[in-house]
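Biologist: Could you take me through one part of this model slowly, as if I had never looked at a protein before? I'd like a close look at a single chain, chain B.

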Amino acid sequence: MLFNSWQYLIFYPVVVLAYFLLPKKLKNLWLLGASYYFYMGWNARYIVLLLFTTIVTYAGSRILERHRKGWILLLTVAVNFGILFYFKYAQFAWNNLALLCKMARIPLRDRSFDILLPVGISFFTFQAVGYTIDVYRGEISAEKNFLKYALFVAFFPQLVAGPIERSRNLLKQLNKTYPFSYDRMREGLLLMLWGFFLKLVIADRAALFVDTVFGDTGKYGGLYIVAACVFFAFQIYCDFSGYSIIAMGSARILGLELMDNFHAPYFSKSVGEFWRRWHISLSSWFRDYLYFPLGGSRKGQMRTCWNLMAVFLISGLWHGAAWTYIVWGGLNGFFQVMERMTKGLRKWIRELFCIRENGFSHKLFSVLVTFFLVDFTWFFFRIKGLRSSFSVLKRVVTGWNPWILVDESLFQCGLNRKNFYLLVFSIGVLMAADYGKSRGICIRKRVLEQDFWFRWLVFAGGALFVLIFGIWGGTYDAKSFIYFQF
Amino acid sequence: MSAGMAVLLFAGGLFYCNKLLANKQSIQKYEQYFQTDKQFDVLFVGSSHVINGVSPLDLFRDYGIASFNLSMHGNYVKSGYFLLKEALERLQKEGRNLPKMVVLDVYADGEGTSNLHNAWDSFALSGTKKEMAKELAEDGKSMELMMPFSLYHSRWSELKKNDFEPNINQLYGVELRYGVAYPNSEIVRNPEDKKEIQGEKLSYVDKIKSLCESCGITLVLIHIPYSYSPDWQREANSFYEYAKENQLCYVNYMNEDIGLDFDIDFFDQGHLNPVGMRKMTREVGKLLWDLGVKDKRQEAEAGEWEKEYEEFIDYRAKRLKDITQAKIYLMSLQDPDLISVVQVKRKLLEDVQIAKLIERLKDGKNEVMVVEEGDKLLPSDGKEGEYDLYCVVHKKEDMGSVADSGGFVWEEGVNRRK
């Protein structure tokens, strides 16, 4: 079930209420049952996969604790990634193999695997594999209580779209149960409210514009696509961070603290910094379990660049079984490699023109350039098919139409004038909040410190704002969170 | 404590926003029914045919019958059953008398969800509304019928003055649609030309019958004329048998000579214009009188009905000023409470509808002058020779003042007010 669905609005309060009413011994069991029910809301049969991954990694980790053998780890990881590969990449791999065979004139029949991708499989597989590696490294001891471990893998707020939690954080918290706390509830509700604002008011509104333009790139060229790319940057950010924040809020009320997955990413001054602020749980997973084992940045410049490219190409593939995602990942890696390689040159230019690295103008320039580069990569994330991406890019360059910025044209792309301005205003609110966050100001905490009447207004007014200005219900089909597909 | 206040604040805000953002069709239609404390002896149930077909204000003036027209655009027998049930439950809840009679138009079925919204959005969520949503809404849309806010929250960008101050219908559920249209399909006027009743319509008529029986209400079936969908017209002829089997009174006015002229008494092919409505109301009044509905013109409440009828005349007189087409203007002069002086050039009478409308005005109450070619009209505004048609209109009870006056030009079928 989606967070922005009637089902969740009923499911979640029932889970919370029962959780606090049940005796301590049953609390985790209840959460596990609720999490499995939550997952079965999409496809009941795939619960078997979740259970299988849980059993394999649980058993593998118990064995690894006693016999720290590399082949046991390899086997456990291979089984899990094998499942992931079959469900997510088999068709893609076969299609590419067929293409290669065709080029080499080797006969290979077309084959349709016709597999329905299990929701959130990349998330729970990575979480479970990360735990197994932690046990192998001796960073944590293997969890003996199967139910507790199963809850760690399947905890419903973060099950299908992250954050990809670490055992050091979430599993440890499951050792305790938590009584009801009014303060936690307030904080959790405020987080959920902010998450719904991001998802319903910004992401789903931006989607109306983006889908219109990308849905007919033959009609829309030039600055239409540029505008759609800018809105897509905010759509995907708000969609994903909205989900993560609702997940954090949902967990917070239950007494659990999930990791913050985004830290004002569009205020990054380099692509490298962007990836330290964007989808932090995945970036840090790749850092800890892939980049560092490959040698990280300790083995010279060339090796570092190679490692970066490898990590981001795989990250691209993690996001989807298509060449556009690989290009997207590759570009992100390439930009970071270029940042490293041009470090000296950039320093020389700054000194030559007496540009202060910490000056406002340079920071602003860096933020804008980074946004431009990241947004360019988002283009490949959004476009369907690598071939069409090049023809659409050509239309961006050749379709000179600056007048659309001053006439009414932009209001004919899925959003009327009022909705367009509301979207721009809401993005302004988001950026103001993110600016505060990047300066260490937590608006949520500031709100909770205020007098009661102000808190009422924020809670009641915020909820009404989201209900009225959010895109939900009626003729509109609530869009799935984009990151479910990964 | 503060959480409770936040919830209260939120609930209050939501209540206000829910009202403000809602589609206003339903509230405009039913608010008068919700607010009035009048006792209605007759309730009319049906679709837009009935909204434009039977006027309670005329019924009271001519027959002393106190009634309300519950019908709604695009809501047919099925929705009518639930609307009637809801209306009766409301009366019972408020301890008011139930009507003596329900008049149901048996036209069509197959309500679309948007039409259900138009009828139901102002009704609070009740067991009947839930039942209606479950049975009649298209797949996946029952929730939006029960909680219309889920649909209308996005209306914030379309709000107009009418959303803040809704224009409530004060005509007991009736709408006057000003227009003149020719029929565009076969008109079935032979009671033996029948077609089997389709769909679930009959089962819902049964439900209405049972509901009325359980409340001691007499059910009367009617079929108001129109000039499209011959199959629907044929189906209406099958209701004779049904009515006979169930000992119900049924009048299919398609087959009755009630003086309707299909060339000039319709707004469009489906709906009567105010002149057609008056004729229809007169016939329904006769029927109800014959069935023994009480004449209340001598009772205390008559004063209020009379006052409202006076306002109804003013309303019709005012609407004259907005009419820009000659034919529609001539149609609207066929009003028992208006007296007109009409000058018309003979060339206009070549149009069949205008000729018929002018002919009808020659009833002794109005004055009609046909001006020959070459002669000029003598309008009271002094613009001699500028018009092809000129009218001066008075209210019958107030001959001293002019309710409206104006001239029209006629150019190759285009007839606009100048």
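Modeller: Here is a walk through chain B, from its sheet outwards to its neighbour. One thing before we start: this is a predicted model.

Let's begin with the sheet. Chain B has five strands that make an open sheet, and reading across it the order is β2-β1-β3-β4-β5. The strands pair in the parallel sense. On the edges sit β2 (67-69) and β5 (249-252) of chain B, and each of these pairs on one side only. If you look at how neighbouring strands are turned against each other, ignoring direction, the average is 20°.

Now zoom in on one pair. Strand β1 of chain B covers residues 42-45, and three bridges join it to β2(B) in the parallel sense. For a landmark, find F44(B): opposite it, in β2(B), stands N69(B). A helix packs on this sheet too, namely α11 (residues 201-214) of chain B. Helix α11 touches β3 (101-105) and β4 (218-223) of chain B, and its direction makes about 145° with that of β4(B).

Next, have a look at another helix, α6 of chain B, at residues 113-120. Is it mostly buried or exposed? Count along it: seven of its eight residues are buried, so the rest of the structure largely encloses it. The buried ones are T113(B), N115(B), L116(B), H117(B), N118(B), A119(B) and W120(B). And what covers them? The cover includes four helices of chain B: α2 (25-35), α5 (77-93), α7 (127-136) and α8 (142-146).

Keep α8 in mind, as we meet it again where the two chains touch. There, 16 residues of chain B are in contact with 16 residues of chain A. On chain B's side, the elements that give two or more residues are α1 (2-21), α8 and α9 (149-152). Helix α1(B) brings the largest share, with eight residues. Sorted by class, chain B's side has nine nonpolar, six polar and one charged residues.

Let's step back and see chain B as a whole. The chain is divided into domain 1 (15-297) and domain 2 (321-417). Going by C-alpha atoms, 34 Å separate the centres of these two domains of chain B. The domains do touch: nine residues of domain 1 of chain B are in contact with ten residues of domain 2 of chain B. On the domain 1 side, those residues divide into five nonpolar, two polar and two charged.

Finally, a glance at the partner, chain A. Its secondary structure comes to 20 helices and zero strands. The C-alpha trace of chain A spans about 70 × 65 × 50 Å along its principal axes. For 486 residues, a compact globule would have a radius of gyration near 23 Å, and chain A agrees with that because its own value is 23 Å. Of those 486 residues in chain A, 41% are buried.

Chain A has domains as well: domain 1 (6-179) and domain 2 (181-262 + 401-486). Their C-alpha centres lie 28 Å apart. Their contact takes 19 residues from domain 1 of chain A and 19 residues from domain 2 of chain A.

Methods. Residues are numbered from 1 along each chain as its sequence is written. Chains are lettered from A and ligands numbered from 1 in the order in which they are written. This is a predicted model: local features need pLDDT of at least 70, side-chain atom pairs count only at pLDDT 80 or more; totals for chains, interfaces and linings use all residues. Two strands pair if DSSP finds at least two bridges between them. Axes are lines fitted to C-alpha atoms, for helices over the stretch in contact, and angles run from 0 to 180 degrees between N-to-C directions. Two residues are in contact if their C-beta atoms, placed from the backbone, lie within 7 Å. A residue is buried if 20 or more other C-beta atoms lie within 10 Å of its own, exposed if 12 or fewer, and partly exposed in between; C-beta atoms are placed from the backbone. Ala, Val, Leu, Ile, Met, Phe, Trp, Tyr, Cys and Pro count as nonpolar, Asp, Glu, Lys and Arg as charged, and the others, Gly among them, as polar. Domain bounds come from an automatic or database domain assignment. The radius of gyration is taken over C-alpha atoms; the globule rule is 2.2 Å times the number of residues to the power 0.38.
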